[in-house]
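Work through the exercises below with the sequence and the coordinates at hand. Each task is followed by a solution that proceeds step by step.

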Amino acid sequence: MDVASSESQKTFPFKYDFTVDIEDLRYIRKSKKGLNWKYLVLELKDGANLPTLHFHEGGSKNFLKAIESYVMLAQSSKVTRTLEVMPHNNNALTQSFDELNLFGENGQQTSSQRRGFLERFCKIVFLTFVCSLFSQTPISSAYSGLSKVTNYIQDFLNPAEVHYQTRPKHERATLVPDEATEAVGSSRIQIKQEEDTAGGFEMITCADLGPRSEPTRSLPINEEFWNNHKDEEGRIIDVDEVKRSIFRGGIDSNLRKEVWKYLLNYYIWDKTTAELKEHKEIKEENYYRMKMQWKSIDADQESRFTAISRENKSLIDKDVTRTDRTRIFYEGQENVSLKLLNDVLMTYCMFNFDLGYVQGMSDLLSPILEVMGSEVDAFWCFVGYMDIVQHNFDLNQRGMKVQLRDLHTLIQYMEPKLWDHLEEKESSNLYFCFRWLLIRFKREFSFEDIQTLWEVSWTGLPCRNFHLVMCLALLDTEKSSLMKEDCGFTEILKHVNEMSGKIELQATLRKAEGIYLQLAACRKDLPDSIRQILDL
């Protein structure tokens with residue numbers, strides 16, 4: 001980590017070092033019994049908590065034993081599973097965890113020394129190792145500190161496989177003492193993220209973010225606005241302004257049937273009315289050709305369907321019968337809309353045979369079919385939406401994992417205390433957000449609100465991952481409830497599920513946009529990972 005200002009610069013030599021003064025420690029909280037791995041939380045005298053240290057391969061007792069060579073640890077009489085840190089004597093107060101060096105002097109050790117160190121010192125495998133900086137001084141209280149996530153054990157045991165023997169000074173991550181923060185005046189603490197040829201190294205820090213605004217929302221675009229953005233031949237002009245206006249206020253309900261076709265790439269913005277008519281006729285012909293491919297299969301052919309084809313048909317039959325049945329559009333046993341929902345999904349399996357049907361797709365199609373009222377139009381709009389979210393339904397769930405990873409990065413950066421709590425409560429996998437991402441909040445908002453939210457997101461503004469910022473806004477709104485001490489994994493999941501149907505859309509959109517603008521205002525100081533997520 002570099003602490004830099006126009007007057008001074010301080011660098012540290014080793015990538016996996018950290019430094020914290022023993023005299024700054026007040027308590028050490030231990031993990032609950034029965035967990036698969038142990039963790040410790042270090043609390044400073046100013047009341048700030050350093051994020052959780054996980055001991056995935058054991059060794060927490062050896063870690064505490066090492067600390068006891070400098071200070072006394074006594075069980076707190078007030079708080080369970082908590083050790084109070086007390087000095088042995090006055091001299092001990094001046095000692096520190098200075099250079100807890102995982103790589104020895106000058107970053108070099110023999111193989112036996114490395115393995116011996118691993119046994120002597122905790123057998124630590126920091127698959128997730130997080131340290132942060134907090135300070136009492138008014139200057140540094142504005143800083144959020146350093147988060148470092150690293151998987152180092154392979155490098156540690158097999159240094160010959162990496163391309164260096166001694167790590168350069170700029171690759172050392174350190175908890176900076178107060179005097180270092182005082183030296184930089186009002187400058188920001190900045191962490192440089194370096195490429196690690198060994199892989200698995202990421203640094204995330206919080207910049208000195210400015211105030212968060214709460215942008216105003218506008219009225220939906222209406223027919224007058226829409227017609228004013230067409231030329232004499234029906235082409236849409238100033239598409240960027242149209243998208244900005246949709247992002248700000250959505251679309252009037254009687255205009256959605258037309259505008260959604262453009263947002264979902266069924267219609268082309270710069271085509272004339274005559275060209276669109278011809279385009280639609282071609283799309284209609286293509287749809288019915290694909291539909292006939294599965295409709296014309298007789299019973300003998302169906303008996304020889306592949307297992308995948310039979311499974312797709314079975315899943316669609318089951319999901320259609322339970323999708324939005326409380327809506328008038330879908331209620332009743334002989335509802336023609338249910339048949340259309342089934343036919344569109346079956347035809348999509350012919351269109352995208354490799355993907356087929358995955359549970360959740362019916363949730364995405366349902367509002368589109370109700371708005372369009374046309375089987376063909378609904379199909380091609382659904383194709384456009386699936387082009388945006390198809391990675392959500394990857395068989396290996398890679399798309400969902402990437403989104404959960406990016407959401408993790410955003411939460412850790414913007415809400416470090418909430419992230420620490422989620423880790424402590426074994427909820428850092430963020431599975432309680434899985435449904436939000438999979439079907440883009442379809443079950444969280446009312447049917448009317450989800451139409452507005454989707455059309456806002458289809459503009460691609462202000463960035464392609466605005467749905468992740470929406471997640472961040474929801475968690476920010478609910479963090480006081482989620483961070484209660486008795487709110488564990490089960491309670492967090494229950495609370496998030498109970499939010500369904502109770503979320504105020506416009507307030508959430510305002511907060512999400514405010515978060516984005518807050519980050520965009522200091523884009524130069526953001527870690528690369530944040531800039532990439534937000535297209536900054």
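pLDDT is the predictor's confidence in each residue, on a scale from 0 to 100. The model is predicted, so that local features need pLDDT of at least 70 and side-chain atom pairs count only at pLDDT 80 or more, while totals for chains, interfaces and linings use all residues. Residues are numbered from 1 along each chain as its sequence is written, and side-chain values use heavy atoms, with hydrogens and water left out.

**Exercise 1. Establish where pLDDT stays under 50.**

Begin with the chain as a whole: the protein chain averages a pLDDT of 77, and 70% of the residues score at least 70. Next, compare the elements, where helices (H or I, at least four residues) and strands (E, at least two) are DSSP runs numbered from the N terminus. Confidence is highest in helix H7 (residues 256-263), at a mean of 98, and lowest in strand S8 (residues 146-150), at 28. Finally, mark the stretches: pLDDT stays under 50 over residues 1-17, for which the model has 73 contacts (heavy atoms within 4.5 Å) beyond four places in sequence, and also over residues 113-206, for which the model has 241 such contacts. Where pLDDT is low, the predicted coordinates should not be read in detail.

**Exercise 2. Determine the strand order of the open sheet and which strands stand at its edges.**

Two strands pair if DSSP finds at least two bridges between them. On that basis 5 strands form an open sheet in the order S5-S4-S3-S7-S6, with antiparallel pairing. Strand S5 (53-55) and strand S6 (71-75) are the edges, because each has a single partner strand and one side of each is left without a neighbour in the sheet. The twist from one strand to the next averages 25 degrees, with axes fitted as lines to C-alpha atoms, for helices over the stretch in contact, and angles running from 0 to 180 degrees between N-to-C directions.

Now take the pairings in turn. Strand S4 (residues 38-44) pairs with S5 over 3 bridges, and Leu40 stands opposite Leu53 in S5. S3 is joined to S7 by 3 bridges, with Tyr27 opposite Glu84 in S7. S6 is joined to S7 by 5 bridges, and here Gln75 stands opposite Leu83 in S7. As a last step, add helix H1 (residues 60-67), which lies across S3, S4, S5, S6 and S7 and runs at about 30 degrees to S4.

**Exercise 3. Describe the geometry and burial of two aromatic pairs.**

Rings of Phe, Tyr and Trp (its six-membered ring) pair if their centres lie within 6.5 Å; planes under 30 degrees apart count as stacked, over 60 as edge-to-face and the rest as tilted. A search of the whole structure finds 19 aromatic pairs. One of them joins Phe329 and Tyr330 edge-to-face, at 4.9 Å centre to centre and 85 degrees between the planes. For burial, relative accessible area under 20% means buried, over 50% exposed, and in between partly exposed (1.4 Å probe, protein chains only). Phe329 counts as partly exposed because its relative accessibility is 24%, whereas Tyr330, at 0%, counts as buried.

Turn then to Tyr348 and Phe382, which are also edge-to-face, at 5.1 Å centre to centre and 70 degrees between the planes. This pair links distant parts of the chain, with Tyr348 in helix H11 (residues 336-351) and Phe382 in helix H13 (residues 375-389), 34 residues apart. Both Tyr348 and Phe382 are buried.
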